[in-house]
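Could you walk me through this protein, starting with its charged side chains and then moving on to what lies inside? Here is the structure to follow along with.

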Amino acid sequence: MSTDIDSDADGESTSNCGASTDTETETSSSSKCGASSDTGTETEAGPSSSSADSSSGSKCGASTNDDSSSSKCGASSSSSSSGSKCGASSSDDDSSNEKEVGATIEDFDADPGRLVAVGLGPGHPEGMTERAKDALLEADHIVGYTTYIELIPDEITEQADDIYDTPMCGEVSRTEESIDRALAGNDVAIVGSGDPNVYALAGLALEILESKGATASMVDFEVVPGVPAAQSCAARLGAPLVNDTVSISLSDHLVPMPEIESRLHAVSSENFAITIYNPWSRKRRENFQKACEILLTHRDPDTPVGIVHGAGREDEQVMITELAELEDLGESEIIDMTTTIVVGTEDTYVWDDRMVTPRGYETKYDY
């Protein structure tokens, strides 16, 4: 996928959190270690996952209440359809976005296992590093967003003891799930596209570990890097990022739009190449339109812009255009949450259908 895991935070469907799933099945879980399952519901988990017994408590080693809807190992879930569909537990009040951490370190009796955040790269097996493949093969449990789990080769998922996936907007609950499984003694890999440190869950995992009273060294936490979208997309465009660059996400799910606008003004006024993540969704067209306006106040209309949709995927599309044309493309299929946009500098030019941003060698050497 050409965007990193922050795209998980924005949906383009009509469910409570953006995932296009049936509300009766979305709250179910195949968890062997975490969120409680609703009675009589089936899991949406990916390959190799097994349905949890509806009458049993958490199998991760943390203590649980008799009430199966309040598991202490993972994000607590409610059997009511009014429960949170977008992360950890929430109150019946739909206006409440308060997240709650379930189990703490005191709830686990086992010797902790291992937790590895693995970057899958751009979305095809050839784009995964050997280190990422090895980390997944060594993991007992693999946890991730459903779409990202589907990117993992079958020979890897088939050897895992368990696969736990959640639909879009479950980033908090599945990250806590991965931590609880590790605290229960399992070797766990939590996966995302691109790199775990680029708009992704490596930081969230450490924050939740801290909130539970655990430490990163307790679970031997490690980050296995992957190829970020900026780099995989730049490779399809030529050489647009060989000088100073910055990245900005247009998703205001976690960062207020006024703050994003301020950052756009700051970087657009300097001569950076700019990589734009999460440029467009049906719920927030205005963010993309505003970004185009800001860019045009600081950059010439003929500034080269590269657009890569679905890098490394079957539906990949690559286009090089000019900044003045960018806003109109917001209504086209090429720009969505799987698209990454690279805005060139004042020095970037297009040669032989490739973007080129000079590094500065021409000022020092004759060639």
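**A walk through the fold**

Let us start at arginine 131, which is partly exposed, with a relative accessible area of 43%; here buried means under 20% relative accessible area, exposed over 50%, and partly exposed in between, with a 1.4 Å probe and protein chains only. Before going further, please note that this is a predicted model, in which local features need pLDDT of at least 70, side-chain atom pairs count only at pLDDT 80 or more, and totals for chains, interfaces and linings use all residues. Residues are numbered from 1 along each chain as its sequence is written, and side-chain values use heavy atoms, with hydrogens and water left out.

Arginine 131 has a charged partner: its side chain meets that of glutamate 222 in a salt bridge (2.5 Å, N to O). A salt bridge here is a side-chain nitrogen of Lys or Arg within 4 Å of a carboxyl oxygen of Asp or Glu. This pair links distant parts of the chain, with glutamate 222 in strand β5 and arginine 131 in helix α2 (residues 130–138), 91 residues apart. Helices (H or I, at least four residues) and strands (E, at least two) are DSSP runs, numbered from the N terminus.

Glutamate 222 also forms a salt bridge with arginine 114, where the closest N and O atoms are 2.2 Å apart. Because glutamate 222 lies in strand β5 (residues 222–224) and arginine 114 in strand β1 (residues 114–119), this pair ties together parts that are 108 residues apart in sequence. Glutamate 222 is partly exposed, with a relative accessible area of 23%, and arginine 114 is partly exposed at 23%.

For a salt bridge within one helix, look at α8, where glutamate 259 and arginine 263 sit 4 residues apart, about one turn of the helix. Their closest N and O atoms are 2.5 Å apart. Glutamate 259 is partly exposed at 37% relative accessibility, and arginine 263 is partly exposed at 41%. Returning to the earlier group, salt bridges that share partners join Arg114, Arg131, Asp220 and Glu222 into one network. The count of salt bridges comes to 13.

Now step back to the whole chain. The protein has 10 helices and 13 strands, and of its 367 residues, 51% count as buried. Among contacts (heavy atoms within 4.5 Å) between residues at least 6 apart in sequence, 70% join residues at least 24 apart. The accessible surface comes to about 16200 Å², of which 44% belongs to carbon and sulfur atoms; these areas come from the Shrake-Rupley method with a 1.4 Å probe, and for residues only the protein chains shown count as cover.

What lies inside? The largest nonpolar core has 24 residues, and those with the most contacts inside it are Leu250, Phe288, Ile307, Leu326, Ile335 and Ile341. Such a core is a set of buried Ala, Val, Leu, Ile, Met, Phe, Trp, Tyr and Cys residues joined through side-chain atoms within 4.5 Å. At least two residues of this core come from each of β7 (245–249), α8 (257–268), β8 (273–277), α9 (285–298), β9 (304–309), α10 (323–326) and β11 (339–343). The helix α9 gives the most, with 5 residues. Apart from this core lies another, of 22 residues, among them Ala132, Ala139, Cys169 and Ala189.

Helix α5 is worth a visit too. All of it is covered: 13 of its 13 residues are buried, so α5 is largely enclosed by the rest of the structure. At 1.5 Å a residue, the 13 residues of α5 (residues 171–183) should span 18 Å, and the end C-alpha atoms are 18 Å apart, which agrees; the expected span is 1.5 Å times one less than the number of residues. Just after α5, glycine 185 takes a positive phi of about 110°.

Most residues other than glycine have a negative phi. Tyrosine 199, however, has a positive phi of about 50°. Its place is in the loop between β4 (187–192) and α6 (202–211), and at 28% relative accessibility tyrosine 199 counts as partly exposed. Aspartate 352 likewise has a positive phi, of about 55°, and is found in the loop between β12 (349–351) and β13 (354–356).

Our last stop is threonine 357, in the segment after β13, which counts as buried at 3% relative accessibility. Threonine 357 touches Ala239, Pro240, Val242, Asn243, Thr345 and Thr348, not counting residues up to four places away in sequence.
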